[in-house]
Structures are given as structure tokens and as C-alpha cells.
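Biologist: I am new to this model. Please take me through it, and tell me what stands behind each term you use.

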Amino acid sequence: QQQSREYVNLPPGPTPLPLLGNLLSLVKDSHISISKLAKKYGGAMTLYLGNVRTIVISDPNLIKQVFVNQSQDSTNRFILETAKIIGNGKNILFSNGDYWKQYRLVLSRSFMRLKTHSIMTDKINKEAEYFSNSFKSNPIIDPAHFCKIFTSNVMMEMLFNDRSKYSNTETHKIIEAIKNVEHGLAVGSSFDALPFLKLFFPNARKDLIKTLEDVWEYSKESIVNHQNSLAKDENQINDFLDLLLTEIKGSGNESFYDMEGLYRVCSDLLISGTETSASTMTWLILYMINNKDIQMKARKELQDAMGDKKYLTMEDKSKTPFFNACIKEVLRIAPVGALSLPREATADLEVGGYLIPKDSQLIMNVYGLATNAELWSDPLIFNPNRWLSEDQEMSNYQYIPFGIGSRACIGSSLAKDEIFLGVGNLLLNYEIDSENGKPLTEKGNFGIALCSQPYQAKFTPLVI
Ligand code: HEM
């Protein structure tokens, strides 16, 4: 049992209760509760989530010590039951060892090729136009909904050359399924910590599996279609899946990448690439509403960069340092992966003079690092200028919205492009305000991702 007290030199932490461990202190707003506890117990802290011994790292130097200097034993994901259902050891998010390494390699190569592929850039630019236009007939709306359609369309275009219309009242079944899987994951975290809860909610697992099966089925069908068209003409590259399949063919180890791995990896990308970027966009729109001066300054810079064009493209990014700083800042103040994805200590590790025993769960406190008043001035204020001034002394390890090392987010570059084009085009085409003109709450909701509270915004078209 993980909770055994045989270790004398564990990082300090609050006393755990039998069975529940420290879960009661984390029931509400766990990212904030964990950061408050870290202030009391220090940059390395021991918590018990149920009986799972968990070491939370909230100090930049200790992040480096554990995840960089001892990376060979801190790269694996910590696998609980939900992760097993999603991955079965054959996906990218929750696989480990050689399997993960080989998949990560072909995926990274495919992402690199994607970045220079003109078909994809054109598609993302076009999707950002549809996204911006969709607000014309919906002047008052919760922007989260359209942001999700935008990011899931980008993922579906990228992976499968498919998309869904913004006007569809009956949204594409995959978007619906992704939403359910995310809900299942959020519920799953407490089930994972306290497996006995399953007895009281017998259908929760079944529902998660059923919705996952929808995504898998859709992915399988599309993979077979892609394999068939590549068999006819291997030079006909239309999307990321074509790139991945050709990369796999070139690896000389085709049989390693079987259908189960392929459909699980594709559904991972759909799931991890939709809510994350969409929530960040929704946060950025919220901060633009609450900071009108920043909204106006960003719009002016974007207009100047655009010249006579009507819609932004990625080439404009080098001319918009202030708006780029807004994107950096929203990823700091509202990191959707507030506690990243847990890793596992695969050997005893050292942290700041303490011992992290093998098999512990490791959590990077992304939110705590980004809002620590000892590391940032006025950390709870949205201030893009901090990224443009020389004054902010910064360690590389206090700002890690996409995680760290060889296990860091594989979609970070795509995510930043989506936020740039999506929110940038909205700023260019609309004056954005809250429905009643009052500031919106900046308090987040932490489930599987750190999201803003639902809000209604008013999009008034700008006459250009
Ligand atoms: C603002 C948007 C995003 C944020 C904040 C974010 C954040 C993260 C974080 C914190 C991790 C864990 C990193 C670690 O363990 O060090 C991660 C992993 C991952 N992300 Fe993202 N992500 C975003 C968008 C995306 C997108 C668009 C995709 C897909 C194209 C994606 C795919 C993945 C995958 C596949 C992993 C697992 C990588 C592995 O285990 O090797 N993410 N992300």
C-alpha cells in the first residue's frame, strides 16, 4: 500500500485521514487549494489522494531537479484506472516506455512536416474565417461553444479532413462525444482516487466507455479510408493522418503501429486538442472584455499588421508582439492544464534534500508556479506588458503551461496558432463586451481542465 509510513524523509504535507487521505482539503478549486497548501508546506509537498502518495512540486528549482535533472525516472505517466480505459497502454497520453517513445517519435515528425504543409495552413486560416463570421448571426453568445467547434474542427480537418458547420444545431457527433469523454475524465479523477465510489455510480464507467467507443469507431473508419487512398496514391497527402501513415511506413517497423494504437492515438489528439485550446481562447476573450484598454491596443496592433487584408494569417504573427504577449499572459494566468498530467517516479528521486519514493505520483503545480507572488509582480493581474519589459527576471521553470521535457505537450505550437488566428480575427472584426457591460468573474472551474465560468458576451461588428 502506498500510504505506508516507512519513509522518514518524505517532503512535508498535511496529515492524511484514513481512506480519504487529504482529499477533503481538495474538494473545491483543487488548483487553488493545492497552491495554498504548498505555501504552507513548501516547494515539495506530500499529499495523499485517497491512498495514492502524491508529491506536488511548486518551486522552479525543484521542477528542474525532478523533471529535468532526473528525467529518466520522472517521464512516465502515472496510470490510474481511467487512463487504462482510455489508453490500454497503446495511446500517447497514457502509454509508457518504448511504446510511448516510438509513437512520440513518429507523431513529432508528422507535426514538424505539418507545420510546413500549405494545405493545412490554408485550412486553419479558412477555419478561423468561418469562426469569426459565425458571430455575425450570433451577436450575444457564450463564446465557449463556438471556440470548441473551432478547435475541434481544426483537429478534425487536421486529422481526417472533416469538419462540422457552426450553424448545426445538432453538433457533429464527435464534438458531442469529446464533451462526454472530458466529463467522464473529470468524474474519473475522484473515482481513481477512491475506487469504492464505483459501487455507488455503476453507470459512470459504462458511459465513459460508450462515448469513447464513438470516437474510436469514427477514427477507425477514417484510418481505413486513409490507408485505402494512400495505397492507390502514396503522394496524395491531404491531412495529418496521411503524414502519420507515411511516416509509419518509412519507419521500417510498420507492424508495430497496429489499428488499436492508431485509433487510440487519433482519439487522444481529438480529445486533448479540443477543450484545451478552446478554453484558453475563452479565457482570452474574457480578459479582453475585462481590460478594454488592452483589447483596443491589441486590435490597433492587429489592424496595423494586416494592412488591407480582411483576415489574419500566421505570417502576421511576427508583426504583433503585444498580442503575442497577451497569448503568453493568458497561458500564465489561466493555464488550462493547471496541474499538468501526472507523472510517476520510476525510481527513488531526490528533491530539495527529501526523498520521493519510487511509484509515487508526481504533480507539477503549473498554476501555483504561475501565480506565486514571490516569482511574479501582481500575479493575479492580467498584464501582457510583463512579457515585453526587461524587468521580469524569470526562471525557465516558473512558466510551464505546456509541461516540460520530452513528455511536454505535443500540440503546443498548433494551440498557439489557433489562439492567435481565432481570437485575433474576432478582435479585428468585433468590439467585444460582456452582455450587461459589467466585468466578468475571473474565477475558474477546475474539472479536467481549468475553464472560465460560463458567460455571455456581446459581439458588435466593427465597420471597417
Ligand atoms: C492551450 C492548449 C494546450 C495546453 C495548455 C496543453 C497542455 C498540456 C500539458 C500540460 C500536457 C502534459 C505535459 C507534461 O507532462 O509535461 C500536455 C500533453 C499533451 N498534449 Fe497538450 N495542451 C494544449 C493543446 C494541445 C493540442 C492542440 C494538442 C493536439 C494537437 C495536444 C496534445 C497533447 C498530447 C498528445 C499530450 C501528451 C504528450 C505525451 O504524453 O507524450 N495538446 N498538454
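Modeller: This is a predicted model. Strand E2 (residues 52-57) and E7 run parallel and are joined by four bridges.

Biologist: What makes E2 and E7 a pair?

Modeller: Pairing calls for at least two bridges between two strands. E2 and E7 have four bridges, so they count as paired. Isoleucine 57 has methionine 364 in E7 as its bridge partner.

Biologist: How do you know that strand E4 pairs with E7?

Modeller: The cut-off is at least two bridges. Strand E4 (residues 343-344) and E7 have two bridges, so the pair passes. Its sense is antiparallel. Glutamate 344 stands opposite glutamine 361 in E7.

Biologist: Why are both faces of strand E7 called covered?

Modeller: Buried means under 20% relative accessible area. In E7 (residues 361-364), Gln361 and Ile363 on one side are buried, and so are Leu362 and Met364 on the other. Each side has buried residues, so both faces are called covered.

Biologist: Now another sheet. Why are E3 and E8 called edge strands?

Modeller: The open sheet has three strands in the order E3-E11-E8, with antiparallel pairing. Strand E3 (140-141) and strand E8 (430-434) each pair on one side only. E3 is joined to strand E11 (residues 457-461) by two bridges. Within that pairing, isoleucine 141 stands opposite alanine 457.

Biologist: Let us turn to the ligand. Which residues come nearest to it?

Modeller: There are 29 residues around the ligand, and Trp100, Arg104, Arg343, Arg407 and Cys409 come nearest.

Biologist: What makes the approach of tryptophan 100 a polar contact?

Modeller: The cut-off is 3.5 Å between N or O atoms. A ligand oxygen is 2.8 Å from an N or O atom in the side chain of tryptophan 100, so the pair qualifies. For the side chain of arginine 104, the distance from a ligand oxygen is 2.7 Å. A ligand oxygen is also 3.0 Å from a polar backbone atom of isoleucine 404. Helix H4 (97-115), helix H10 (259-290) and helix H14 (412-429) are the elements that give two or more residues to this shell. The largest share, six residues, comes from H10.

Biologist: How many residues of each class does the shell hold?

Modeller: The shell around the ligand has 17 nonpolar, eight polar and four charged residues.

Biologist: What lines the second largest pocket?

Modeller: Its lining has 30 residues, with Ser35, Tyr367, Gly368, Thr371 and Asn372 nearest the centre. The space is about 660 Å³. Helix H1 (30-41), H10 and helix H13 (366-370) each supply at least two lining residues. H1 gives the most, with six. By class, the lining has 14 nonpolar, ten polar and six charged residues.

Biologist: Why is asparagine 88 called partly exposed?

Modeller: Buried is under 20% and exposed is over 50%. Asparagine 88 has 45% relative accessibility, so it falls in between. This asparagine 88 is in the loop between helix H3 (81-87) and H4. Its phi is positive, about 50°, although it is not a glycine.

Biologist: Why does asparagine 161 count as partly exposed?

Modeller: Asparagine 161 is at 38% relative accessibility, so it too lies between the cut-offs of 20% and 50%. Asparagine 161 is in the loop between helix H6 (143-160) and helix H7 (173-193). Its phi is near 60°, a positive value in a residue other than glycine.

Terms used: Residues are numbered from 1 along each chain as its sequence is written. This is a predicted model: local features need pLDDT of at least 70, side-chain atom pairs count only at pLDDT 80 or more; totals for chains, interfaces and linings use all residues. Side-chain values use heavy atoms; hydrogens and water are left out. A residue is near a molecule or strand if one of its heavy atoms lies within 4 Å of it. A polar contact is a pair of N or O atoms within 3.5 Å; within protein, one must be able to donate a hydrogen and the other to accept it, and residues adjacent in sequence count only if both atoms are side-chain atoms. Ala, Val, Leu, Ile, Met, Phe, Trp, Tyr, Cys and Pro count as nonpolar, Asp, Glu, Lys and Arg as charged, and the others, Gly among them, as polar. On a 1 Å grid over the protein atoms alone, a cavity is a set of points where a 1.4 Å probe fits but cannot get out, and a pocket is an open set with protein on both sides within 12 Å along at least five of seven lines; lining residues have an atom within 4 Å of a point. Grid points are joined across faces, edges and corners, and a volume is the space filled by probe spheres set on the points. Buried means under 20% relative accessible area, exposed over 50%, partly exposed in between (1.4 Å probe, protein chains only).
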